[in-house]
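Here are a few worked exercises on side-chain pairs. Have a go at each task before you read its solution.

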Amino acid sequence: MSPTDHSSPRRRRPLLKIAGLLVLLALGGYLVVQYQSNGGGGAPHCTAEAPGGQSGGAGEPYEMSPEQAGNAATIAAVGVAKGVPDRALTIALATAMQESGLRNLDHGDRDSLGLFQQRPSQGWGTPQEIRDPVYAAGIFYDRLLDVRGWERLPLTDAAQEVQLSGFPGAYAKHESNATVLTAAFAGGGSVTCGGPAPTEPGRPEQVRAELVRIFGKQVRVDNPAAPAPAKAGAGAPEAEVTVGQPQGPADSAFRRARVVAYWAVAHSHDLGIARVSYASRGWTAGAAGGAWQSERAGSGRSGAPRDATAQADEVRIFVHR
């Protein structure tokens, strides 16, 4: 090999470094454009946190896709509507995390389907019922509560009594994350969702129908037909769905309101929800990194008028039109 050949790798190294830097700069520019084209919202994602970000070893904040967050929110909401203890919510969430990854699957082992991989041939319901997250969560809780002493069983044993899985020890690994989800959706934690604001018309009628289906007469869901005033800076009005708590102890009412608020945020991507207002706090799609913000008295997050008579246990959901 000639001297020139010996030196050529050293000469190429600076060129390779420059080429690599150019690739990184191009990628950075692409990501900035993508971020800006999404209105600063970035890719859709949700985060569940226990109080203070953690809960005494309960686990780190849990990251989810909008689909996973929506399903987790429904599982938690159904449990709260049924009045089951938090432990039951954790068992249900851990089970769905193991069985489907919190996805509403249209396939599975043999005839297993849905969030919990329930089987029509084993008496869980029709395929259509099992693919309905509200139904699937409800029948899971019903069968869990039928297990004698379920509250005292280890999580994986309680789940196995319901599921009769071929892998009975698999549920335990999800307990920490499921505990975070329970605290986030139904306890003192929080749920945030980032991503772009909706651009297509949302579905206020489905928001109302789903909340009535989950909670029944436990909540008062006002008619969403009339549009609310347009959000500041937006060209289109929003349809408002107001959810009140007409009965029951105050603690239960506040818990339901919190679950409704986080359910709405978790379903913002698929139902076109643009804003949620609850307990002097507000969430706006595509703003503030998806985090909740304090609302000024008498105004909404972006200066929009806020009903001064709104109660602390009332949730206002604004759907893009």
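**Exercise 1: a pair within one helix**

Arg213 has a relative accessible area of 40%, so it is partly exposed (buried means under 20% relative accessible area, exposed over 50%, partly exposed in between, with a 1.4 Å probe and protein chains only). Before going on, note that this is a predicted model: local features need pLDDT of at least 70, side-chain atom pairs count only at pLDDT 80 or more, and totals for chains, interfaces and linings use all residues. Residues are numbered from 1 along each chain as its sequence is written, and side-chain values use heavy atoms, with hydrogens and water left out.

Task: find the residue with which Arg213 forms a salt bridge, and say where both residues lie.

Solution:
- Step 1. The partner is Glu210, and the closest N and O atoms are 3.1 Å apart. A salt bridge here is a side-chain nitrogen of Lys or Arg within 4 Å of a carboxyl oxygen of Asp or Glu.
- Step 2. Both residues sit in helix α8 (residues 204-215), 3 residues apart, which is about one turn of the helix. Helices (H or I, at least four residues) and strands (E, at least two) are DSSP runs, numbered from the N terminus.
- Step 3. Asp132 joins in too: a network of salt bridges links Asp132, Glu210 and Arg213.

**Exercise 2: bridges across the chain**

Task: the structure holds 11 salt bridges; work out which parts of the chain are linked by Arg220 with Glu314, and by Arg275 with Glu238.

Solution:
- Step 1. Arg220 and Glu314 form a salt bridge, with 3.7 Å between the closest N and O atoms. The pair links distant parts of the chain, with Arg220 in strand β4 (residues 220-221) and Glu314 in the loop between β9 and β10, 94 residues apart.
- Step 2. Check the cover: Arg220 is partly exposed at 35% relative accessibility, whereas Glu314 is buried at 14%.
- Step 3. Look around Glu314. Leaving out residues up to four places away in sequence, Glu314 touches Arg220, Thr242, Val243, Ser277, Tyr278 and Ala279 (contact means heavy atoms within 4.5 Å).
- Step 4. Arg275 and Glu238 form a salt bridge with the closest N and O atoms 2.8 Å apart. This pair also links distant parts: Arg275 is in strand β7 (residues 273-278) and Glu238 in strand β6 (residues 238-244), 37 residues apart. Both are buried.

**Exercise 3: aromatic pairs**

Task: a search of the whole structure finds 3 aromatic pairs; is the pair of Phe116 and Phe140 stacked or edge-to-face?

Solution:
- Step 1. Get the cut-offs straight: rings of Phe, Tyr and Trp (its six-membered ring) pair if their centres lie within 6.5 Å, and planes under 30 degrees apart count as stacked, over 60 as edge-to-face and the rest as tilted.
- Step 2. The ring centres of Phe116 and Phe140 are 4.8 Å apart and the planes are at 15°, so this pair is stacked.
- Step 3. Phe116 lies in the loop between α3 (86-100) and α4 (127-130) and Phe140 in helix α5 (residues 133-145), so the pair ties together parts 24 residues apart in sequence.
- Step 4. Phe116 is buried at 0% relative accessible area, and Phe140 is buried at 0% as well.
- Step 5. For contrast, try Tyr262 and Trp292: with 5.7 Å centre to centre and 80° between the planes, they are edge-to-face.
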